[in-house]
Each structure stands twice: as C-alpha cells, then as structure tokens.
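The exercises below ask for charged contacts, enclosed space and surface character to be read from a model. Please work through each task before turning to its solution.

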Amino acid sequence: MNLLPIDDAQRVQLHNEVHARPSARIRLPAFILLVGVFNEGITREQECAHLQKLQPDLTLQDVQGNFVRMRLGECTVKWERHTEFTRYSLVQPLPPGADLGAQEPELLSHLMLPHGWLADIPGRTFSAIELVMLEGDVADAQRTLEQARVWLGDQPVIASRMGSPAHAMVVTDFQLRDNGFERMLVVAPPDTSKERAGRISQRLLELETYRLMALRGLPVAKLVGSQLGDSEKELADIIDTLEHKRGDDQDLLARLVGLASTVERLTAENAFRFSATAAYDKLVHERIAELRESAISGTQTIGEFMKRRLSPAMATVASTSQRLASLSVRISRASALLRTRVDIATEEQNRLLLEKLTKGQALQLRLQTTVEGLSIAAICYYVISLLLYATKAVKAAGFNIQPELVAGAFIPLVLWLVWSASKRIQDKLYKQKWRDRA
C-alpha cells in the first residue's frame, strides 16, 4: 500500500547527498596518507581501472557516486572525486618507531599498498599529506610541543589546541619534504573516540586541500593584473581623447571595441577561477572555525597562520576580480559617452540639413507662387483675348458695340474667376494631402 505520492526522480539522490562522503572512524594511533590530484582530462574509467588494482571486483557503477571506501585488511582506502580534483586517502595502523618520541620517522616504506600504486594515480599531484594521530598528554602542551618539534624535524611549527574544552592538539610546519609530502601531527588523549578522531582528520585534510585549491587563483590574478594595467591605461587615453574632443569617432570606436573584447575575454577565461578561489577560501575559514583553536604559548595557531599568509593572496585575487568587473563597467560608460558624442554630432548635421531643406522649400514656394501668379495672368490674358475676339465677331455681325470696352470691363471679373478656381483647386489638393498623411 502506497502511503505517499510517487517519488520525484531525484528524491533519493538528494536525500542521500548528506551521506555521500561519511567521516572516517579512526582508531588511535593511526597513519593517514592523502594524495590530491587534478582530474582535468581524467575519466572515471581511468580512475576505476586504477582502483581495481586494489579491489578487482570494483565496477564503473561503483564510482558514479563520487565516493568509494575499500577495506583492504588492516587499512582502508578512500576515493573521492570532486569538480576539479580527486582525493585518495589511506588509513592504516601507525608504523613501528613513529611514536611521539621519534625524530622525523620514516613512514612511506610501511605503506600497505602495492609498490608503485601511488605513483600510478592518474592526474597531476597538487596535495600530498602525511597525517599521524598519536595518543599523548594534551594537558602538558609545552612538553608535547617540544616532542612534536623533534618528530617533525626541528622545523618552525604552527600548533594549537583543538576543541572547547581542548581535547586534542595539532602541530605542523606546512613544509614540503624531499619525498613530496608535508606532515601533520595530531596528539589526542587515549579515550578519544574513533568518530572524533575521524572528524579531526577530515577537517585538517580538507583545510589543507582547500587552501591549496584557493591559491590556484593567485598566479592567474597576477597575470590578469598585469594585462589589466595596460587596459586601464588604454581606457584612460581614450577618455582623455573624448574629453578634449580629439581624434576620429570611428577610430575611438574601434579602440573601445577592441578593449571591450579583451576585457570580456579575460572575464570569460578567469571568472570561474576567481569565483572558485572565493568558494575554497570560504571553506578554509569554515574548517578553521570548526577546529575551535586555542593558542599555545610561543606558536601561531593555524587560523593565525592562514590569516597572515593566505589572506593577502585571497585579497589579491578578490582585488583583481573587482578590477576586472570595474573596468568592464567603465568601458561601458566610455562607450555611452562616445555614443552621446556621435548622437550630438549627428543631430547637428541633421539640423543643418533641415535648415538647408527649409530654405530650399521656401525658395521653391516663392517660385511656385510666382509661377502661379504668372499662370493666372496668362490664363486671364487668353480668356480676355478670346472675349475680345468674340465681341469683334458680334460687332462684325452688325451689333453696335465696342469690343475693347467690353473686354476691358470683363477683365476684373475674369481675374476673380480664374483666381477663385485656382484657389479651390489648391485647397482641394491640400486637404487630400493631409488625408493621405493621416
């Protein structure tokens, strides 16, 4: 019996999205290895084929959900595919000799993976982290910090307590080693639950992954910034030419079109990178907030380190993005100014043309009036001539009349009749013209 209407096609997928990447459950002490690679040009088939070297029964359907966790004896391998990158992580027991008292212990030779499997991961590496989680005394932070410095190789470190109240301690140097990995060390009490350990590791690994992804926008911003400088100078020169009314409008229009095309190309090529950088930077700050750090005397916290080292880079990217958007707006305003200048020039030309047309029409009207007056005079002349001939014929027939007097007497009447007829014809034509326009 169905208790609900038919499910939407995406209901189950959207409901299960919150479970798509479950946190790991890690038993202390543990060794976690993460490798992040760019997956541009890398297909799921290639990644599935590489995972099948560990688990032959894995199918392509299994990797459609962007997350796979494989249990291989004492270790767990996790695969996560994101929009731009793919992460491979390994969780295994801590190798012998890597406890807190060790000095920069060697870890990679103890990997529970086939030889060469890491090197054959399809893609280009951008992140590689060795994270070791140990049991130790968090209460004596200074003593634990000194041991952690030895464990990391006596490098300047960044460290903090995590949680409120503090329940763990993280120490790292954010330095790449000769093997291509950076190291992080987490010290937690023996009673730390597997779920809490899993959440700590996930936050730290995601923080570093997103930090590196956010920094991808910095080289792009520097390159675009140099190009924007040239474009801004070009725009300033165009506006100066407009202000002082120099140069040909067609030449200015061609320069503006070329400049606008350059800016639009830069926007199309880099808008995604700049917006992605802002999104990754936001995720970094969210992960830092989730750590709930408290400072250890003599060291910087991860949040302070990121604020001093990452924030200037992010500010550069944001500034370049704003400059790009601002330049596009200013080019639009300059184009509007040029259009206004062209419109004003066009209107002035039209005004002069209309003045010439008006003068021509006035002359034409005068000429037409003159012609009409001459026409009336000519018509009257011919009518009077005909009348004169007619009266002469009547006189020749024997009537006693003076043809010249009769013709002269009829001149005013003929003039009035001809003028009236001409006026009626003009009025009729004028009314017909306005009816046609309406």
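In this predicted model, a network of salt bridges links K78, E80, R87, R203, E206, E286, R287 and E290.

**Exercise 1.** Take the pair E290 and R287 from this network, and determine how far apart their closest N and O atoms are and how the two residues are placed in the helix.

*Solution.* Begin with the distance: the closest N and O atoms of E290 and R287 are 3.7 Å apart, which falls within the 4 Å allowed for a salt bridge. Next, locate the residues, both of which lie in helix α6 with a spacing of 3 residues, or about one turn of the helix. Finally, consider exposure: E290 has a relative accessible area of 32% and is therefore partly exposed, whereas R287, at 12%, is buried because its value is under 20%.

**Exercise 2.** Set the salt bridge of D237 with R255 beside that of E269 with R265, and describe where the partners of each pair lie in the chain.

*Solution.* For D237 and R255, the side chains meet with an N to O distance of 2.5 Å. This pair links distant parts of the chain, since D237 belongs to helix α5 (residues 217-243) and R255 to helix α6 (residues 249-291), 18 residues apart. Both partners are partly exposed, D237 at 36% relative accessible area and R255 at 23%.

For E269 and R265, the closest N and O atoms are 3.4 Å apart. Because these residues are 4 apart in helix α6, about one helical turn separates them. E269 is exposed, at 51%, while R265 is partly exposed, at 41%. In the whole model the count of salt bridges comes to 23.

**Exercise 3.** Characterise the lining of the largest cavity and that of the largest pocket by residue class.

*Solution.* Start with the cavity, whose volume is about 40 Å³ and whose lining consists of L33, V35, V77, Y88, S89, L90, L113, W117 and L118. Strands β1 (30-38) and β4 (85-93) are the elements giving two or more residues to this lining, and the largest share, 3 residues, comes from β4. By class, the cavity lining has 8 nonpolar residues, 1 polar and no charged.

Turn then to the largest pocket, which holds about 510 Å³ of space and is lined by 27 residues, with R25, I26, R27, T76 and V91 nearest its centre. Its lining divides into 11 nonpolar, 7 polar and 9 charged residues.

Key: Residues numbered from 1 in each chain as written. Predicted model: local features only at pLDDT ≥ 70, side-chain atom pairs only at ≥ 80, totals over all residues. Heavy atoms only, no water. 1 Å grid on protein atoms, 1.4 Å probe; cavity = no way out; pocket = protein on both sides within 12 Å on 5 of 7 lines; lining within 4 Å. Points joined across faces, edges and corners; volume = space filled by probe spheres on them. Nonpolar A, V, L, I, M, F, W, Y, C, P; charged D, E, K, R; others polar. Buried < 20%, exposed > 50% of the residue type's maximum accessible area, 1.4 Å probe, protein only.
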